[in-house]
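Colleague: I'm new to reading protein models. Could you walk me through this one, feature by feature?

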Amino acid sequence: MAEEVEMDSARKRYEFKKTLERLKQKEGSGTELITIYIPPDKQIYDVTAQLRDEFGQCSNIKSKQTRTNVQSAISSILSRLKYYNKPPENGLAIFCGAIKIGGDRTDMDCTIIEPPDVVPLYMYRCSSRFELEPMEQMLVEKEVYGLLVIDRRESYLGFLRGNRIEPASGVTSTVPGKQRKGGQSAMRFQRLRLIAINEYYKKVADRATDVFMAEPDFYNRFKGVLIGGPTPTKEEFADGGYLHHELQKRLIGLFDVSYTNESGLSELVDNAQEALRGVEVMKEKSVMDRFLKELIKDDSASAYGEESVRKNLEIGAVDTLLLSENLRKERLRVRCQNCDFVKEETVQVEPGKSAIDIDLGSCPSCTAPLYLEEETDIIDELTALADASSTRVMIISNDFEEGSILYNAFGGIAAILRYRTGY
């Protein structure tokens, strides 16, 4: 049941992201595109009253085309709001207007979204593009962890936001090495070195305060700090009272890492798996590690690439299907207008675009034009095949190293098999 909830959440996030990409590509002629955000506590009749008032105000628009398009958009929105007695639990976002489709042609488009998070404000806006920033903010991860790797030479800070490791800032040490200069007594040199170490730790702590506590909504979103480094440096720093008290009480744990530069942040997250168990990035990293380890075995029960994975899905051999969140492909069924020729193919589609604009060519049998009979998102199509054999499906983010490997090296489609098949 928990896996089904996770998969449903990942699919909704993927679909939400794709919808925003599509809306971002749309453009109107002049201020003809209407954006409306309706929070859950807003009365629908208040919204419809304002829209009727705006409809009347449109008579002041000088351009006849703009006036007609805005009034048509308002009418379209009003007709859809009739089906709502009150806003849904998280509110509504409505994007409606005459979209430019080439030349002087336009097409009325109206999209209504029930967003994954609560709509924070009421907004009515007309512009040449849709206002998407409040929606895009909902893609920002809500839980944030601070990452700090430190030794006596340098330190580096960053964030773990859901699936994404985000480097932030580094601090360089001025602590002298253990070899003292000639003429200095051992005790004096050691005392100066301890003073330099203390000042360095203070500098790192101040930077941590500036970076971590500047996080928006710190007290609700910032869940903890992970510190990595060699022993005894990380213990000296963590136990020395250097951190701000709000960060100190959010300290999750100390972990051994080899690097204290930017690359050390990834190592810290890897070594903190137990402490971060339940965070989405760890689940995704775990299943990707399992796939990569399976891949190098002589009797590997793994597959990658669309053709191989599709064959394994069709015979029910896939245990876990791995799909990149960055996949933007469509499965097309193309048919001849004249004869019985039909074919299926997968095409790459630009984010926010549709396969409807692709030149399908001519029939190889009779040279008649081909037409698009059916278009399906590749993730939807492969997931349907997976559901038929109770296959676990994971949509993997591209925001960490293993996720990037899935997309860049394996085309965004891979599988862990139940048994070796040879496909």
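Modeller: Sure, we'll go through a sheet, the nonpolar cores, a helix and a few backbone details. Keep in mind that this is a predicted model.

Colleague: Let's start with the sheet. How do strands hold on to each other, and in what order do the 4 strands of the open sheet run?

Modeller: In general, strands of a sheet pair through backbone hydrogen bonds, either parallel or antiparallel. Here the order is β10-β16-β11-β15, and the pairing is mixed. At the edges sit β10 (302–304) and β15 (392–396), each of which pairs on one side only. On average, neighbouring strands are turned by 15° against each other, ignoring direction.

Colleague: Which sense of pairing do β11 and β15 show?

Modeller: Parallel, over 5 bridges, with β11 covering residues 318–324. For one example, look at Leu-322: its bridge partner in β15 is Met-394.

Colleague: And which strands does helix α13 touch?

Modeller: Helix α13 (residues 401–410) packs on the sheet and touches β10, β11, β15 and β16. Its direction makes about 85° with that of β11.

Colleague: Next, the cores. Which residues of the largest nonpolar core touch the most other members?

Modeller: A nonpolar core is a set of buried residues such as Leu or Phe, joined through side-chain atoms within 4.5 Å. The largest one here has 24 residues, and Phe-212, Phe-222, Ile-227, Phe-237 and Leu-247 touch the most other members. Helix α5 (186–212) gives the largest share, 9 residues. Phe-237 has contacts further along the sequence too, among them Leu-148, Tyr-201 and Leu-243. There's also a second, separate core of 18 residues, including Tyr-14 and Val-393.

Colleague: How do I judge a helix, say α3? What length does it reach?

Modeller: Compare its span with the one expected at 1.5 Å a residue. Helix α3 (residues 64–81) has 18 residues and reaches 26 Å from first C-alpha to last, close to the expected 26 Å. Its buried residues include Val-70, Ile-74 and Leu-78, and what covers the buried residues includes α2 (44–57) and β3 (105–113).

Colleague: Any backbone oddities? Which peptide bond is cis?

Modeller: The one from Thr-231 to Pro-232, with omega near 5°. Pro-232 is in the loop between β8 and α7. Also check phi: Thr-367 has a positive value near 65° without being glycine.

Colleague: Is Thr-367 buried or exposed, and why?

Modeller: Exposed, because its relative accessibility is 61% and the cut-off for exposed is over 50%. Thr-367 is in the loop between β13 (342–348) and β14 (370–377).

Notes. Residues are numbered from 1 along each chain as its sequence is written. This is a predicted model: local features need pLDDT of at least 70, side-chain atom pairs count only at pLDDT 80 or more; totals for chains, interfaces and linings use all residues. Side-chain values use heavy atoms; hydrogens and water are left out. Two strands pair if DSSP finds at least two bridges between them. Helices (H or I, at least four residues) and strands (E, at least two) are DSSP runs, numbered from the N terminus. Axes are lines fitted to C-alpha atoms, for helices over the stretch in contact, and angles run from 0 to 180 degrees between N-to-C directions. Contact means heavy atoms within 4.5 Å. Buried means under 20% relative accessible area, exposed over 50%, partly exposed in between (1.4 Å probe, protein chains only). The expected span of a helix is 1.5 Å times one less than its number of residues. Lists of a residue's contacts leave out its neighbours within four places in sequence.
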